[in-house]
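Me: Please take a close look at one part of this structure for me. Start with a single residue in a helix, then follow its surroundings and the other local features worth knowing.

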Amino acid sequence: MRHQKILVLDFGGQYNQLIARRVRELNVYSELRPSELSVEEIKRLDPIGIILTGGPSSVYEKNAPYLAKDVLALGIPVLGICYGCQLITVLLGGEVGRAERSEFGKTQLTVHAESPLFDGIPKKSVCWMSHTDRIRTLPDGFTALASTDGCPVAAYGDEEKSIYGVQFHPEVVHTEYGGQVLKNFLRICGARGDWTMHGFVEESVLSLKERLGTGRVLSAMSGGVDSAVAAALVHRAIGERLTCVFVDHGLHRKGEPEEVMRVFRDELHMNLIRVDARELFLNALRGVTDPEEKRRIIGRLFIEVFERQARAIGSVDYLVQGTIYPDVVESGRGKSAVIKSHHNVGGLPDVIDFKELVEPLRDLFKDEVRRVGTELGLEERIVWRQPCPGPALAIRIMGEVTEEKLEIVREADAIFTEELMRAGLEKDVWQYFAVLTDSKTVGVQGDARTYENVIALRAVTSVDAMTADWARIPYEVLERVSVRITGEVRHANRVVYDITSKPPATIEWE
Ligand code: XMP
């Protein structure tokens, strides 16, 4: 089935993926594409509406990202956000200039005029601003719709052409009626709301059945949400013709391998093979302290083990991968510096002999993957599992990885998870985990001196893991975690909380 589509043209702003996600939450399929898309390409994509995102540039800067002017003459409704709004202004003959003062953060918005874009929105509300330029004169045919103190034109529109601009960010939660602005724009576009996860599952199952025919299908199960949901979806379509391989490298979080086997083999009756490679990985990691070296070893061994297993299974026609939309978007962007060489199953296609790659989740955002998981009947515990890097606990132990250290970080991590879940915070935090530092400190326990390990707790909020902020976990929760870790985990006598954002730090410690 062809879904109605909103095209989000990316001008480099930090909330751009969020815009596409918000639109999808309103049941309209939406795709993020580079801003330099040609008019022909846009026509071919046949969107019902176009959103121009914000971005770090100023419209008059040399080499500032541009938009083909013809896009605004296609008769397709357009909403420009921040930079997008300024771009519409100059493209249609208006003027943009430096604001007398920049506005950052929560700002009061006053709506002046009746407009379908502000339907159901009170005259005064709070919006989120982040700009240094502002609209000075409007293009012909446009009317100012709203203002803030520092920005006389905070929203405008040409109702006849259905072209609108907002200087604020409707996609961020701090804009009180941001969701309503987007909803109104979708209504202006004539959206039917035909994008639901229930529909997605039904359509995917049908098309997977058709595509995979009677072929043999192989999947690598990592324990993470994406590979689990991808496998469950394919399993729903073709049942036992899917074989899943779970490489147990001994670096998983507490109870993870057992849970994977219980849920997918015992309850869902999937054809799931667990390969015990714990010794192999530990031996290879002995004496290795460099983070990148650890990643390389784990990535290489993972592929070797999987390859051997695949050969034992015999010829396969299709390989399933849990690629999700942000991976697709990221890989479409230019090359950025390698901060960490991420290991996931991305290396597999090169070494396994198969006819085609199957990526049933490549159109979905993480939150949609979770909703698909729920549609497929997977438990909350699996669906809301914390993302974990491919090398797992190996890069949450500073320095050499040993069995003893794995035990310490595994227990501490399990306590942190338990307490965050008990406090109901797990869905508010993007990622959280414990790290075993390579520091030892002096402590006193039971009137005796101890000289033991420092555990660091890391919890961050983020939109897409590209940037992150440390999560403001309530002190009482941190206190409980600290008391429990120092009381229950052997060889840990101190707990610290990481209060660094990304940048300058990264989310993981290695
Ligand atoms: P950083 O630490 O780079 O992490 O801020 C960003 C996100 O990526 C995850 N991560 C990894 N994922 N292999 C992976 O598959 C890796 O080597 C790896 N390193 C970091 C990290 O957990 C976070 O979600």
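Reply: Happy to. Helices (H or I, at least four residues) and strands (E, at least two) are DSSP runs, numbered from the N terminus. Gly199 sits in one of these, helix H5. This is a predicted model, in which local features need pLDDT of at least 70 and side-chain atom pairs pLDDT 80 or more, while totals for chains, interfaces and linings use all residues. Residues are numbered from 1 along each chain as its sequence is written, and side-chain values use heavy atoms, leaving out hydrogens and water.

Gly199 is buried because its relative accessible area is 15%; buried means under 20%, exposed over 50% and partly exposed in between, using a 1.4 Å probe and protein chains only. From Gly199 to Val78 the C-alpha atoms are 27 Å apart, with a separation of 121 residues in sequence.

Now to the helix itself. H5 (residues 197-212) packs with helix H6 (residues 225-238) at an angle of about 65°, and their axes are 8 Å apart. Axes are lines fitted to C-alpha atoms, over the stretch in contact for helices, with angles from 0 to 180 degrees between N-to-C directions. H5 and H6 make a right-handed crossing, meaning that the near helix is turned clockwise from the far one by less than a right angle (anticlockwise would be left-handed). On the H5 side, Phe200, Val201, Ser204, Val205, Leu208, Lys209 and Leu212 meet Leu233, Val234, Arg236, Ala237 and Ile238 of H6, where contact means heavy atoms within 4.5 Å. This H5–H6 contact has nine nonpolar residues, one polar and two charged.

Phe200 brings us to aromatic pairs: rings of Phe, Tyr and Trp (its six-membered ring) pair if their centres lie within 6.5 Å, with planes under 30 degrees apart called stacked, over 60 edge-to-face and the rest tilted. By this rule there are eight such pairs. In one of them, Phe142 and Tyr156 meet edge-to-face, 5.1 Å centre to centre with 85° between the planes. Phe142 belongs to the loop between strands E6 (124-137) and E7 (143-148) and Tyr156 to strand E8 (residues 151-158), so this pair ties together parts 14 residues apart in sequence. Phe142 is buried at 10% relative accessibility, and Tyr156 is buried at 0%. Back at H5, Phe200 forms an edge-to-face pair with Trp195, 5.9 Å centre to centre and 70° between the planes. Trp195 and Phe200 are both buried, and ring pairs join Tyr29, Trp195 and Phe200 in a cluster.

Another glycine makes a nice contrast. Gly487, in helix H14 (residues 475-488), is exposed at 62% relative accessibility.

Finally, some backbone details. Cys82 has a positive phi of about 55° although it is not a glycine. Cys82 lies in the loop between strand E4 (78-81) and helix H3 (83-91), and is buried at 6% relative accessibility. Ala392, with phi near 50°, lies in the loop between helices H12 (380-383) and H13 (403-422). At 3% relative accessibility, Ala392 is buried. In the segment after strand E18 (492-497) lies Pro503, and the peptide bond from Lys502 to Pro503 is cis, with omega near -15°. The bond from Pro503 to Pro504 is cis, with omega near 10°.

Conventions:
Ala, Val, Leu, Ile, Met, Phe, Trp, Tyr, Cys and Pro count as nonpolar, Asp, Glu, Lys and Arg as charged, and the others, Gly among them, as polar.
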